Each structure stands twice: as structure tokens, then as C-alpha cells.
Amino acid sequence: MAAPTDFVSLGALHRDLEELFLLHQEALMGLDLPAARERLSRYREELTRHLEAEEALLLPELPRAGRIRGAAPELFTGEHQRMRELLAKCQDAVDALDASAPDYRRAVLRVFDMESTFKHLEHHHSLREETYLFPALDGVLGEEERRALLAAFLARTETTSPGA
């Protein structure tokens, strides 16, 4: 990703994270448990860094934009916590899969159902950030302040390419 000059462009990071999760699901669909586990673990690590950077760097700046209906900082942090919880449950379910179990394929289907719940929350959350948080920050921060905050955010969320 080229160095962004505004927060709205951070939506590309959300697409990169979504791609990592899809790579995990492709491995799971192919019943490649080692790859599915590794990719989910990697996704979880990168998402955690992303959420922590938002909480430490971006959300503290949001009140400068004034009250925005549907975009209170507590709403974002609450969604972050719920995403962490759901993702931990997904990780536990994937880790518990046993290819020798008689109901293995159905267990994989149950994991996909659980992951669907997570994906809906993650999508809704990303949309909320891209609709409210990122444009609000672009509107209240001056150019130098914006560039510095973007650089700090990107330094904390350094991710590798989705296919790596």
C-alpha cells in the first residue's frame, strides 16, 4: 500500500485483512487444517494489532470532530471487544477440529457458521469506520498532524502481504 495521505484510504487495510481471513477459509474449505490454523492465527495477530492501533491512536482523536451519531468511541471499542471474543471462539473451534472424527465435515460446517457471525460483525464495523471515523479524522486534523498520525498508525499495524 502506498503511503496514504488521508484516513479514508485506510479502508484498503480492511480489504487486506479480509483477504487474510478468506485465505484461512479457503484452506478450511479444502480441509487443510494446518494451513487453516496458521492463516487464522496470522489473521488474528494482524487484526489485533490493527484494533489496538485504532484504540491507541485514532479513537482518542475522534471527540475533536464533535458528537457523531452512531460513531461514539465507546461503540467502536465495544465492537472491537466483541470481535476479539468471537475470533477467539473461532480459533478455539478450528483448533479443536479432528480430521479423524466421524462428524468432521459437519464440524467444519459449524465453524463456517460461527465464522459467518464474526464476518458480519467485522464487515459492519469496517463500514462504520469507513463511513464515520476515517472521514471525521480527515476533517479535523491538519495536514501535518494527519500525516504524523497516519505514519504512527501504519508503523503499529505493519502487515505482510495476504498471500505470504
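## Helix pairs and salt bridges

Let's start with one residue: glutamine 25 sits in helix α1. Keep in mind that this is a predicted model. From glutamine 25 we'll move on to two pairs of packed helices, and then to some of the salt bridges, of which the count comes to 10.

**Glutamine 25 up close**

- Is glutamine 25 buried or exposed? With a relative accessible area of 9%, glutamine 25 is buried, because the cut-off for buried is under 20%.
- Leaving out neighbours within four places in sequence, glutamine 25 is in contact with Phe112, Glu115 and Lys119.
- Those three partners also turn up among the α4 residues that make the contact with α1, and Gln25 is listed on the α1 side.

**Helix α1 with helix α4**

- A quick bit of background: to describe two packed helices, you give the angle between their axes and the distance between the axes.
- For helix α1 (residues 11–29) and helix α4 (residues 104–140), the angle is about 175° and the axes are 11 Å apart.
- Angles over 145 degrees count as roughly antiparallel, so α1 and α4 are roughly antiparallel to each other.
- On the α1 side, the contact includes Gly11, His14, Arg15, Glu18, Phe21 and Leu22. On the α4 side, you'll find Val108, Val111, Phe112, Phe118 and Phe134 among the contributors.
- Sorted by class, this contact of α1 with α4 has 9 nonpolar, 5 polar and 7 charged residues.

**Helix α2 with helix α3**

- How do the axes of helix α2 (residues 33–58) and helix α3 (residues 73–96) cross? They cross at roughly 165° and come within 11 Å.
- That angle makes α2 roughly antiparallel to α3.
- The crossing of α2 and α3 also has a handedness, and here it is left-handed.
- Residues making the contact include Arg37, Leu40, Tyr43, Leu47 and Leu51 from α2, along with Thr77, Met83, Leu87, Ala88 and Val94 from α3.
- By class, the contact of α2 with α3 splits into 9 nonpolar, 4 polar and 7 charged residues.

**Salt bridges between helices**

- Arginine 15 pairs up with glutamate 130 in a salt bridge, and their closest N and O atoms are 2.6 Å apart.
- This pair ties together distant parts of the chain: arginine 15 belongs to helix α1 and glutamate 130 to helix α4, 115 residues apart.
- Arginine 15 counts as partly exposed because its relative accessibility is 38%. Glutamate 130 also counts as partly exposed, at 24% relative accessibility.
- Another salt bridge joins the side chains of arginine 128 and glutamate 79, at 3.1 Å from N to O.
- Again, distant parts of the chain are linked, with arginine 128 in helix α4 and glutamate 79 in helix α3, 49 residues apart.
- Are arginine 128 and glutamate 79 buried or exposed? Arginine 128 is buried, and glutamate 79 is buried too.

**A salt bridge within one helix, and a network**

- Glutamate 85 forms a salt bridge with arginine 82, where the closest N and O atoms are 3.8 Å apart.
- Both glutamate 85 and arginine 82 lie in helix α3, 3 residues apart, which is about one turn of the helix.
- Glutamate 85 counts as partly exposed, with 35% relative accessibility, and arginine 82 counts as partly exposed at 37%.
- Which residues get joined into one network by salt bridges that share partners? They are Arg15, Glu18 and Glu130.

Definitions and conventions:
Residues numbered from 1 in each chain as written. Predicted model: local features only at pLDDT ≥ 70, side-chain atom pairs only at ≥ 80, totals over all residues. Heavy atoms only, no water. Axes fitted to C-alpha atoms, helices over the stretch in contact; angles between N-to-C directions. Helix = DSSP H or I, 4+ residues; strand = E, 2+ residues; numbered from the N terminus. Parallel < 35°, antiparallel > 145°, perpendicular 65-115°, else oblique. Contact = heavy atoms within 4.5 Å. Nonpolar A, V, L, I, M, F, W, Y, C, P; charged D, E, K, R; others polar. Left-handed = near helix turned anticlockwise from the far one by under 90°. Salt bridge = Lys/Arg side-chain N within 4 Å of Asp/Glu carboxyl O. Buried < 20%, exposed > 50% of the residue type's maximum accessible area, 1.4 Å probe, protein only.
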